[in-house]
Amino acid sequence: MAGPPGCGKTTLVHQIVFTNATPAKPALYFTVLGEPVLKMMRYQQQFSFFDDAQVGNAIRFINLSDLALEKDLAAVLQEIIAQITAANAGVVVLDSFRTLARKATSDVGEVEVQSFLHRLAQFLTSWEATTFLVGEYVEDEVRDNSLFTMVDGIIWLSQVTERNSVVRKLQVMKLRGQATVPGLHTVRINEEGLQVFSRTLGLTRDKPKPALRQRLSIGIPDLDKMLGGGILEGDSVLVAGPSGTGKSALATQFIAEGLRRGEPGIMAIFEERPEGYTLRADSFGLDLKSAEQKGALELLYMRPLDLSVDETMQSILDAIKRVGAKRLVIDSLVGFEMALAPGFRTDFRESLYRMIGALTGAGITILSTVEVEDNFTSLQFSHYAISFLTDDIIRLRYVEIDGQLRKTMVVIKMRGGNHSKDIREYVITDEGVVVIHPRRTDYAEMSTGIPHRTGPRKAQENEAAPEPKASQ
């Protein structure tokens, strides 16, 4: 177990020891020229895994510093073997092995250190004890140090400071006899100890989507018709539009419709506070608070500035298991990106690909919102070129019609089914997002936001604005 100081090696090995040690197969923690036992235990006591009752019984700390300073490696090895044999140990920790090896190398040479390690490994293998050699190593030493060739596994911890964020990572560089999940996994140290967030979170295989999937209502009848009857279950939907077009309102209606049909939901919020969501839902006549109290809905407020995508996925998956969720809202992808530590923003698109694939593979229907600017010359879907990651895209935008700024929506894409190609006008009322006019045929270039008439202006049944104007 290797890595620079401060990356969590000691905490991780203590966590392993306290989890696995038993009175019948105790753990022996040998300290060698490193941190004093009393000081080390003082800091480890703050973690929830630390159990005073195990110390001295299932877990025993033995200081070999004096022996290492006064005698040679043979004496250290003899003492280790004697202690393991007497205790019938099942877990052995040698901390810090690098300090012991450096002293021995300066005294007797590298060959003697290799011999010591070889004889120690032979004994521990025959004894069937799991051994952790802990040390402060740098990556360049992996290539030149024979220790890394002789051990069965290498767990490498690191921490990187980027701007104002510190991110810890764990990599399983080697593990003989079994497969591992490759890559760097995010690590966070909290009151429970060291928590690792796997890049795949165990979701290595997608569940095959059934041939006939039911359609889920989005909560807006006319939009359901535009979608060919609703969203296909297990799809990922992207709702894109500028500020104020009702993306969050639409997302709220999507969740509320699921709750009405007995489908629990999760809302991962990165911008507004949960109170704002519930208040807006109340203004639409949608009661989210009752669903929260009944355990059918969970609002996850995620706004720290050093998150990783893996942590976010874990929080969402845990919430999905708690409530048995079928629907998930991520509001918004822009806020999500801003909540990440700077190092994770560079590969945001790749991270979204993993996250969306994992969640839809678990059978969850996802609705994500993303803010885009209307420049009145093009029809953007997002800033990230992520349209290929989603199954369905609903684009909201502003359009200038008859001297008024109106709102329109169009279904851009829908995998696995046909959809309406019409551009429809909508308003936001006390019922939420409401589609009003049928598609307009007396305008061209509606998608630019600055349409022009194709003929003389037709008489209108109602010249009033579709939404009330501000009072004078």
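The legends below describe three close-up views of a predicted model. Residues are numbered from 1 along each chain as its sequence is written, and side-chain values use heavy atoms, with hydrogens and water left out. Because the model is predicted, local features need pLDDT of at least 70 and side-chain atom pairs count only at pLDDT 80 or more, whereas totals for chains, interfaces and linings use all residues.

**View 1. The largest pocket and its lining.** The largest pocket (an open set of points on a 1 Å grid over the protein atoms alone, with protein on both sides within 12 Å along at least five of seven lines) has a volume of about 710 Å³, taken as the space filled by probe spheres set on the points. Its lining comprises 26 residues, each with an atom within 4 Å of a point, and Thr 131, Phe 132, Val 151, Asp 152 and Gly 153 lie nearest the centre. Helix 6 supplies the largest share of this lining, 5 residues.

**View 2. Surroundings of Phe 30 in strand 1.** Phe 30 counts as buried because its relative accessibility is 0%, where buried means under 20% relative accessible area with a 1.4 Å probe and protein chains only. Not counting residues up to four places away in sequence, Phe 30 touches several residues, among them Ile 62, Leu 64 and Val 93, with contact meaning heavy atoms within 4.5 Å.

**View 3. Packing of helix 10 and helix 11.** Helix 10 (residues 247–260) and helix 11 (residues 274–283) pack at about 75°, their axes 10 Å apart, and are therefore roughly perpendicular, a term covering angles of 65 to 115 degrees. Ser 248, Ala 249 and Thr 252 in helix 10 meet Tyr 277, Arg 280 and Ala 281 in helix 11.

Note on methods: On a 1 Å grid over the protein atoms alone, a cavity is a set of points where a 1.4 Å probe fits but cannot get out, and a pocket is an open set with protein on both sides within 12 Å along at least five of seven lines; lining residues have an atom within 4 Å of a point. Helices (H or I, at least four residues) and strands (E, at least two) are DSSP runs, numbered from the N terminus. Buried means under 20% relative accessible area, exposed over 50%, partly exposed in between (1.4 Å probe, protein chains only). Axes are lines fitted to C-alpha atoms, for helices over the stretch in contact, and angles run from 0 to 180 degrees between N-to-C directions. Angles under 35 degrees count as roughly parallel, over 145 as roughly antiparallel, 65 to 115 as roughly perpendicular and the rest as oblique.
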